[in-house]
Amino acid sequence: MVKVEAIVRPQRIDEVKAALDDIGVTGMTVTEVRGTGAQKGYTQQYRGAEYTVNLLQKVKVEIVVSDADTDRVVKAIIGAARTGEIGDGKIFLTPVLDAIRIRTEERGEDAL
Amino acid sequence: MKRVVGVWSGLGRVAGGVLALAVSAAGAWAQEATEAAPAIDAGNTAWILVSAALVLLMTPGLALFYGGMVRGKNVLNMLMQSFVAMAIVSVLWAVAGYSLAFAKANPFIGSFEWVGLSGVTDAPDDFYATTIPHNLFMVFQMMFAIITPALISGAVAERMKFSAYVVFIAIWSLIVYAPMAHMVWGEGGYLATLGALDFAGGTVVHILSGISALVLAIVLGKRKLSAHEDTRPHNLPMTLIGTGLLWVGWFGFNAGSAVAADGLSANAFVSTHLAAASAAFAWMAIEWVAYKKPTALGFATGAVAGLVAITPAAGFVGPLPAIIMGFGVSFLSFFAIKLKAKLGYDDTLDVFGVHCVGGIFGALATGLFAQSRINPGLLAPEGGPEINGLFFGGGIELLGKQAVGVLIAVVFGAVMTFLIASVLKLVMGGIRASDEEEGVGLDLTLHGEEAYNSPSSVVEAAHRGGMSHGAAPIGAAAVSATPVAEAP
């Protein structure tokens, strides 16, 4: 099993979710996050006092999928999240040791 | 206000004339009755009742205006600094404040004649309230006395001990605001007799609170901010709601200061609105050019600056000068706010830059733009020459008197605030919140409340064993609310 961790633009999250729905991904965890990367930041003025905002708002989508589904999921996310501009985000893949459904105690891919 | 001596009596004559005309149409027998005693005018009374309520609404408006600009951990404290003035100053005004401000005595402070409002009844007063109940005039003035010390709170935001603030505004309203109001508006007041004009409180309310705010902020010291601390406003929509309430309430403040529902109050209404509009636009435009973005905060700041500037002038200037004053004050205050960074004082929400600088500009501009055509009280008051501003053929004389008013307000406000704050520092064990209280936030540490229950506070509550009533030391728990280590 693989955990797909995608950091995407907030304004693309609805599209990402729809794309994942389309390929049958039923479970995901979505978090509002802030981070910094190649996009750098921007400055704001409050009565002339300047604030540089480096930590930009992003949305993190976490999905655990079977090894076989990984490429399809990654492609779906890329297709929905990409604008071509700096700041589209990143996807991280990590191996997952096990998964347990709390209600039934099923384990492994059965728990996904 | 038309309470400027001379201006006052002039207007009295005009109003009396109108009244006599109306009555003569009704019958000759009534004419004798008019001359016997001043009568309450229903229209005037209705408008001042509404105006008093409008002016009171400005204080919650100010609370929101300021509250949105501080950080979320201090917003309740900021709101309370305005609201508590409604409680404290109201009572003090009835007990002694009104008497010290308005009872006739000497040129600098009122007597104790009206202490506890004795003698202040629903009958008219032949100097202050010729056509409305005296107690209505008193309560209308009370609303001004409430918002003035509350204005100061913006300068000391996010770090002042609430107890010290409460004591400060109580003393300040009695020994700073009341004497200043007496000098400007009181019967026989020094500036009133001199002929300095202040229609609705540019000097008494804005210059006085603005300079006091600066001095108190300096005595209090800067906030303890780390080098990169994020001090951005936490809720600008709240600030804009406050701006709207202030703008609407200001019609009571300025148009109500005619103490009548007449042409003069309509003029004040028009000039107030136009100054606010042009100042809001000007500030937005300046930022658009300087920072490439027209900010909501800039718009709100400009609107308030325009309202401040027109306050002393509202019943003396025409619509075009009002528009010019609105533009002028935004340019001036925009740059005045930048002084803060250069000089290093921490006037958190720019009370000095907006209210003191804007008030001074408004007071002096009154000396430029005042026209006897707008205010019949300026037509040969007490048999003297007609009064006009420098730009309307009146020469430099009025401008000079306005400058004297500005000078007195600045010096008096600065000295008195310094004295009160210094004494309170000694007797109250300091007037600042502790560094820890400031760091955690004044809402939780001084008031035991939080404005917003964020998800993270739910987690904190779970760590504390849920919400408890009474016994749990909420403040203490939050102070140590660092992430709790996971159990192995």
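Which residues have the most contacts inside the largest nonpolar core? They are Ala155(B), Ala279(B), Leu307(B) and Ala309(B), and the core that holds them has 157 residues. The model described in this report is predicted.

## The nonpolar cores

Helix H5 of chain B, which covers residues 134-152, supplies the largest share of this core, with 14 residues. A second core, separate from the one above, is made of 15 residues. Among its members are Val4(A), Val59(A), Val73(A) and Ala76(A).

The surroundings of Ala309(B) can be described residue by residue. When neighbours within four places in sequence are left aside, Ala309(B) is in contact with Ala275(B), Ala279(B), Met325(B), Gly326(B) and Val329(B). The list of contacts of Ala309(B) also includes Gly358(B), Phe361(B), Gly362(B) and Ala365(B). Of these partners, Ala279(B) is itself named with those that have the most contacts inside the largest core.

## Chain B and its helices

Chain B contains 18 helices and zero strands. The chain has 488 residues, of which 54% count as buried. Contacts in chain B may also be sorted by distance along the sequence: among those between residues at least 6 apart, 75% join residues at least 24 apart.

Two helices of chain B serve as examples. Helix H12, formed by residues 319-343, has 25 residues and spans 36 Å from its first C-alpha to its last, close to the 36 Å expected at 1.5 Å a residue. Gly344(B) comes just after H12(B) and has a positive phi of about 85°. Helix H8, formed by residues 202-220, has 19 residues; its span between first and last C-alpha is 25 Å, close to the expected 27 Å. H8(B) is mostly covered, as 18 of its 19 residues are buried. Gly221(B) follows H8(B), and its phi is positive, near 95°.

## The sheet of chain A

What is the order of the strands in the open sheet of chain A? The four strands are arranged as S2-S5-S1-S6, with antiparallel pairing. Strand S2 (29-35) and strand S6 (89-95) stand at the edges; each has a single partner strand, so one side of each is left without a neighbour in the sheet. From one strand to the next, the twist averages 20°.

Strand S1(A), residues 2-8, and strand S5(A), residues 56-65, run antiparallel and are joined by seven bridges. In this pairing, Ala6(A) stands opposite Val61(A). S2(A) and S5(A) also run antiparallel, and seven bridges join them. Here Val30(A) has Val61(A) as its bridge partner, while Arg34(A) stands opposite Gln57(A). Val61(A) of S5(A) therefore faces Ala6(A) in one pairing and Val30(A) in the other.Helix H2 of chain A, residues 70-81, lies across S1, S5 and S6 of that chain. The helix runs at about 5° to S1(A).

## Exposed and partly exposed residues of chain A

Is S2(A) buried or in the open? The number of buried residues among its seven is zero, so S2(A) lies largely in the open. Thr29(A) has its place in this strand. Because Thr29(A) has 10 C-beta neighbours inside 10 Å, the residue counts as exposed. Thr29(A) is 23 residues from Ala6(A) in sequence, and the two are 11 Å apart in space, C-alpha to C-alpha.

Asn54(A) is found in the loop between strand S4 (49-53) and S5 of chain A. With 13 other C-beta atoms within 10 Å, Asn54(A) is partly exposed. Apart from neighbours within four places in sequence, Asn54(A) is in contact with Thr36(A), Lys40(A) and Gly41(A). Asn54(A) and Ala76(A) are 22 residues apart in sequence, and 28 Å separates their C-alpha atoms.

## The contact between the chains

How many residues does each chain give to the contact? Chain A gives five residues and chain B gives 13 residues. On the side of chain A that touches chain B, two residues are nonpolar, two are polar and one is charged.

Key. Residues numbered from 1 in each chain as written. Chains lettered and ligands numbered in written order. Predicted model: local features only at pLDDT ≥ 70, side-chain atom pairs only at ≥ 80, totals over all residues. Core = buried A, V, L, I, M, F, W, Y, C linked by C-beta atoms within 7 Å. Buried ≥ 20, exposed ≤ 12 C-beta atoms within 10 Å, placed from the backbone. Helix = DSSP H or I, 4+ residues; strand = E, 2+ residues; numbered from the N terminus. Contact = placed C-beta atoms within 7 Å. Nonpolar A, V, L, I, M, F, W, Y, C, P; charged D, E, K, R; others polar. Expected span 1.5 Å × (residues − 1). Pairing = 2+ DSSP bridges. Axes fitted to C-alpha atoms, helices over the stretch in contact; angles between N-to-C directions.
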